[in-house]
Amino acid sequence: MSMNNHTGMCIYCKESNDFNTEHVISAGLGGDDNNYKLDGLVCFECNSKLFSGLEATLLRHSLVGLARWHNQPKGRGKSFSRYSANGSVLIDSEERLFLEIDYACSGEFTILPQVIFKNDSETKYSASSLAPLVSFGEKALNILKQNNVSVISKNKNSCPASFLISNYVISENKFKSDGTFTLSKPPALGIWLEPLTSKDKDGISYHSRLFQMKDGQIVLKIKDNSKIEYYLERLRKSLPEVADMEAGVVSKKFERPVIGSSSMWSGECDRAIAKIGFNLLIHNMGSIFASHPCFDDVKSSILTGNPKLPCSLGDGKNIVEVLENPPSDSHVIMMASGTSQDGGIYLVVLFRFYGMGTQTVFLARDNVPHHIETMIYTVRYNEHKISESTLSDYLIANYDLVSNAFLPRNE
Ligand SMILES: [Zn+2]
């Protein structure tokens, strides 16, 4: 298949920027460094700026990332897979509450420095040790002593990224809202706002809290956004206590960590996967086919998050079951076309990463100019090798693994 670019423009954003080399399947997922690359088709802006961010989310903060960390511990060369689940918690059984932790790829966790609002009068502090708690307290207090306290939240689904900033000013020891505006870059000094959606469980409470993430961000996680002023005032009063804390507040016994589920899958992960599917389409069918307008929606979706991608988990039909028993240490990816109920041709890619559930992404729902031959790509991720075969060749080569998919079923 010719890989010449027939238009001279980036196949994704249609701009004539500089090009660089895009891996069809990113190296972090076990992609091939020598083959399966797109040269002169994907621009630097898309590849190095946008796609690398989407891939980082998929590889470090998603279910696929967690599976990767278990199955493919080594990256290329001497690097190791990194994984961190935002929103991971630990149970403090003595206090009957959840603590924010950083769950790292080594399997170790760190209790993040945090203030927990147990009720209107009781405040708890926790951290892995006293020093980070004190430095967190000082940093947070420094923000709260500004004339203008910025509370930052990321606008969901906005591309390029934008941030909603709410300013609070203090007068006579009371915080008051002083306007809201949008910025393309978050201010250096501010408090990040996160909704608290987790519920109390088995008598363990998930209280509103302020904590500091591994990267230094200070996060206010609360149930009720109308009470931001209340929490800011409370923190301004209670944080000076941290400086006088004794080391005893932090050393206790803890139950197993609960790995965060809030950030296990996001629209960015769907986009990262759709991008792999579209790269395979370019590689398989060439750039002219991939430039057909029927793929405009999926490209826009990958670039901006809009329209929302038609993605779903596999629904147990035979086509999904073909992938059910992938060869060991392999991802399997299937690209197929089909005819929809109203007669149009759709194009779908099914992914099975690290033997997990099948993920489906439609590259086009309709209007694909013609059917394509069903292809299966096998990625031996620990060896960084990709191979491709037609469906029938795959079924013959993996007969023992997939034969169940074609046995008659007893309902
Ligand atoms: Zn581009």
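**Exercise 1. Find the main core.** In this predicted model, how many residues does the largest nonpolar core have, and which of them have the most contacts inside it?

*Solution.* Start with the count: the largest nonpolar core has 57 residues. Next, look for its best-connected members, which are Val-42, Leu-280, Val-298, Ile-333, Met-334, Val-349 and Leu-363. Then ask which elements supply it. At least two residues each come from strand E2 (37–43), H1, H5, H6, strand E16 (330–339), strand E17 (345–352), strand E18 (359–364) and strand E19 (375–380). Finally, H5 gives the largest share of this core, 10 residues.

**Exercise 2. Look around one core residue, then look elsewhere.** Which residues does Met-334 touch, not counting residues up to four places away in sequence?

*Solution.* Put Met-334 in the centre of your view. With residues up to four places away set aside, Met-334 touches Val-322, Leu-323, Val-349, Leu-350, Thr-374 and Ile-376. Now move away from the main core: apart from it lies another core, of 35 residues, including Leu-90, Leu-99, Ile-101 and Tyr-168.

**Exercise 3. Describe the packing of H5 and H6.** At what angle do helix H5 (residues 267–290) and helix H6 (residues 296–304) pack, and how far apart are their axes?

*Solution.* Two packed helices are described by the angle between their axes and the distance between the axes. Here H5 and H6 pack at about 135°, and their axes are 9 Å apart. H5 is therefore oblique to H6. As for handedness, the crossing of H5 and H6 is left-handed. Now list the partners: from H5 come Arg-271, Ala-274, Lys-275 and Phe-278, and they meet Val-298, Lys-299, Ser-301 and Ile-302 in H6. Sorted by class, the residues of this contact between H5 and H6 are four nonpolar, one polar and three charged.

**Exercise 4. Repeat the analysis for H1 and H5.** Within what distance do the axes of H1 and H5 come, and at roughly what angle do they cross?

*Solution.* The axes of H1 and H5 come within 8 Å, crossing at roughly 115°. H1 is therefore roughly perpendicular to H5. The crossing in which H1 passes H5 is left-handed. On the H1 side, Phe-51, Leu-54, Glu-55, Thr-57 and Leu-58 take part, meeting Glu-268, Cys-269, Arg-271, Ala-272 and Lys-275 in H5. By class, the contact of H1 with H5 holds five nonpolar, one polar and four charged residues.

**Exercise 5. Find the buried side of H2.** Which residues of helix H2 (residues 63–71) are buried, and against which helices do they pack?

*Solution.* The buried residues in H2 are Val-64, Gly-65, Leu-66, Arg-68 and Trp-69. Their packing partners are helix H1 (44–60) and H5.

**Exercise 6. Place Met-264.** Where is Met-264, and which residues is it in contact with, leaving aside its neighbours within four places in sequence?

*Solution.* Met-264 sits in the loop between strand E14 (257–258) and H5. Its surroundings hold 17 other C-beta atoms within 10 Å, so Met-264 is partly exposed. Leaving aside neighbours within four places in sequence, Met-264 is in contact with Ser-62 and Leu-63. Although Met-264 and Leu-63 are 201 residues apart along the chain, their C-alpha atoms are separated by 5.2 Å.

**Exercise 7. Look for backbone exceptions.** What are the phi values of Arg-96 and His-384, and which residues does a cis peptide bond join?

*Solution.* Begin with the usual case: most residues other than glycine have a negative phi, and most peptide bonds are trans.

- Arg-96 has a positive phi, near 55°. Arg-96 lies in the loop between strand E3 (88–92) and strand E4 (97–103), and it is partly exposed because 13 other C-beta atoms lie within 10 Å.
- His-384 has a positive phi, near 55°. His-384 is in the loop between E19 and strand E20 (385–390), and it counts as buried because it has 20 C-beta neighbours inside 10 Å.
- The cis peptide bond joins Asn-306 and Pro-307, with omega about -10°. Pro-307 is in the loop between H6 and strand E15 (311–313).

**Exercise 8. Step back to the whole chain.** How many helices and strands does the chain have, and what percentage of its residues count as buried?

*Solution.* The chain has nine helices and 20 strands. Of its 411 residues, 34% count as buried. Among contacts with a separation of 6 or more, 61% join residues 24 or more positions apart.

Note on methods:
Residues are numbered from 1 along each chain as its sequence is written. This is a predicted model: local features need pLDDT of at least 70, side-chain atom pairs count only at pLDDT 80 or more; totals for chains, interfaces and linings use all residues. Axes are lines fitted to C-alpha atoms, for helices over the stretch in contact, and angles run from 0 to 180 degrees between N-to-C directions. Helices (H or I, at least four residues) and strands (E, at least two) are DSSP runs, numbered from the N terminus. Angles under 35 degrees count as roughly parallel, over 145 as roughly antiparallel, 65 to 115 as roughly perpendicular and the rest as oblique. A crossing is left-handed if the near helix is turned anticlockwise from the far one by less than a right angle, and right-handed if clockwise. Two residues are in contact if their C-beta atoms, placed from the backbone, lie within 7 Å. Ala, Val, Leu, Ile, Met, Phe, Trp, Tyr, Cys and Pro count as nonpolar, Asp, Glu, Lys and Arg as charged, and the others, Gly among them, as polar. A residue is buried if 20 or more other C-beta atoms lie within 10 Å of its own, exposed if 12 or fewer, and partly exposed in between; C-beta atoms are placed from the backbone. A nonpolar core is a set of buried Ala, Val, Leu, Ile, Met, Phe, Trp, Tyr and Cys residues joined through C-beta atoms within 7 Å.
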